[in-house]
Amino acid sequence: MDWGLKNRISRIIKPHDNKTVMLAIDHGYFLGPTEKLENPRKTVQQLEKFCDSIMLTRGILRTSVNAKFITPIVLRISGGSSIISNDLSNEKITTSIKESIRLNASAVAMSIFVGAKYEHNSLINLGNIVNEAEEYGMPVLAVTAVGKELEKRDARYLSLSCRIAAEFGAHIVKTYYCDNFEKVVNSCSIPIIIAGGPKINEQKALQLTYDAINAGASGVDMGRNIWQSDHPIEMIKAVRSIVHGNKSANEAYKNFKLAIQD
Ligand code: R5P
């Protein structure tokens with residue numbers, strides 16, 4: 001692997017344990033001012049010191065993040081449909097690799113929509129972006145989007161999506177946790193990280209994190225279950241203690257409860 005590519009991946013997936021805590025705040029690119037992410041500057045200031053990297057769009061990076069910020073950036077570079085459009089799968093590349101390098105991104109992220117109307121376009125976008133990004137040693141994170149069709153979140157569907165992302169040359173894939181998650185991990189040749197999905201209670205979100213790590217995930221790219229918590233700092237610390245600290249879900253939740261009582 002090219003040195004630059006390897007070095008950038010090491011900024012995201014920490015070499016000491018091959019794990020990562022990525023904080024996702026890119027939701028506004030199709031959801032607009034998402035609840036409790038109305039002020040991304042505040043979210044970044046509050047949480048950046050507890051994550052290994054932060055995933056966001058160039059607009060929020062430019063307007064809401066201090067340029068002296070040293071936490072690695074994973075830049076979302078696909079988009080083109082909003083939550084009120086007919087088809088969320090109709091995305092194109094919206095931010096160039098040149099711009100990503102100018103913004104000193106450590107990786108770029110884009111969605112693929114396997115099984116959706118614009119599946120073909122999204123996969124060709126992935127192939128093209130891998131071609132371009134690899135010229136500059138820029139890792140590509142493929143996001144296996146599910147959208148509204150939550151019923152497809154099973155190991156068969158997610159294995160299909162993750163495997164296709166790996167076959168197209170993505171360097172990391174983000175997906176959702178599901179029953180029989182080992183099947184997803186074992187049939188995918190690149191590191192898998194999980195999104196948290198819609199907000200659930202903290203105990204369940206920590207269990208989900210633990211189960212994913214236990215099944216072989218390389219970490220999380222979590223958003224709503226952190227910053228929509230009433231205790232986002234304590235929550236990201238609890239997630240981190242599972243991903244990097246080998247804590248069980250019960251230990252992490254116990255520590256979370258103790259911390260919020262202080
Ligand atoms: C979705 O495509 C976005 O990229 C989000 O970053 C992703 O869903 C992770 O956030 P959450 O943990 O809130 O699901």
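Begin by selecting helices α11 and α12 in this predicted model; α11 and α12 are roughly antiparallel to each other, because the angle between their axes is roughly 155° and angles over 145 degrees count as roughly antiparallel.

**Helices α11 and α12**

Helix α11 spans residues 232-243 and helix α12 spans residues 249-261. Their axes come within 9 Å, and the crossing of α11 and α12 is right-handed. To display the contact from the α11 side, show Glu234, Met235, Ala238, Ser241 and Ile242. On α12, the contact residues to show are Ala249, Ala252, Phe256, Ala259 and Ile260. Coloured by class, this contact has eight nonpolar residues, one polar residue and one charged residue.

**Helices α9 and α12**

Keep α12 selected and add helix α9, residues 202-214. The axes of α9 and α12 come within 9 Å and cross at roughly 145°. This crossing, too, is right-handed. From α9, the contact is made by Glu202, Gln203, Leu206, Gln207 and Tyr210. Helix α12 contributes Ala249, Ala252, Tyr253 and Phe256. By class, the contact of α9 with α12 comprises six nonpolar, two polar and one charged residues. Among the α12 residues, Ala249, Ala252 and Phe256 take part in the contact with α11 and also in the contact with α9.

**Ser122 in helix α6**

Next, select Ser122, which lies in helix α6, residues 119-135. Is Ser122 buried or exposed? Ser122 has a relative accessible area of 0% and is therefore buried. Its side chain reaches the backbone oxygen of Glu119 at 2.9 Å. Not counting residues up to four places away in sequence, Ser122 touches Met110, Ser111, Ile112 and Phe113. Add Lys92 to the selection: Lys92 and Ser122 are 30 residues apart in sequence, and their C-alpha atoms are 7.2 Å apart in space.

**Ser111 in strand β6**

From Ser122, move to its contact partner Ser111, which is found in strand β6, residues 107-112. Ser111 has a relative accessible area of 2% and is therefore buried as well. Which side chain is joined to that of Ser111 by a polar contact of 3.1 Å? The partner is the side chain of Arg76. To complete the view, show the residues in contact with Ser111, leaving aside its neighbours within four places in sequence: Tyr29, Arg76, Ser78, Glu91, Ser122, Val143 and Ala145. Ser122 appears in this list, which leads back to the preceding stop in helix α6.

Notes:
Residues numbered from 1 in each chain as written. Predicted model: local features only at pLDDT ≥ 70, side-chain atom pairs only at ≥ 80, totals over all residues. Heavy atoms only, no water. Axes fitted to C-alpha atoms, helices over the stretch in contact; angles between N-to-C directions. Helix = DSSP H or I, 4+ residues; strand = E, 2+ residues; numbered from the N terminus. Parallel < 35°, antiparallel > 145°, perpendicular 65-115°, else oblique. Left-handed = near helix turned anticlockwise from the far one by under 90°. Contact = heavy atoms within 4.5 Å. Nonpolar A, V, L, I, M, F, W, Y, C, P; charged D, E, K, R; others polar. Buried < 20%, exposed > 50% of the residue type's maximum accessible area, 1.4 Å probe, protein only. Polar contact = N/O pair within 3.5 Å; in protein donor to acceptor, adjacent residues only side chain to side chain.
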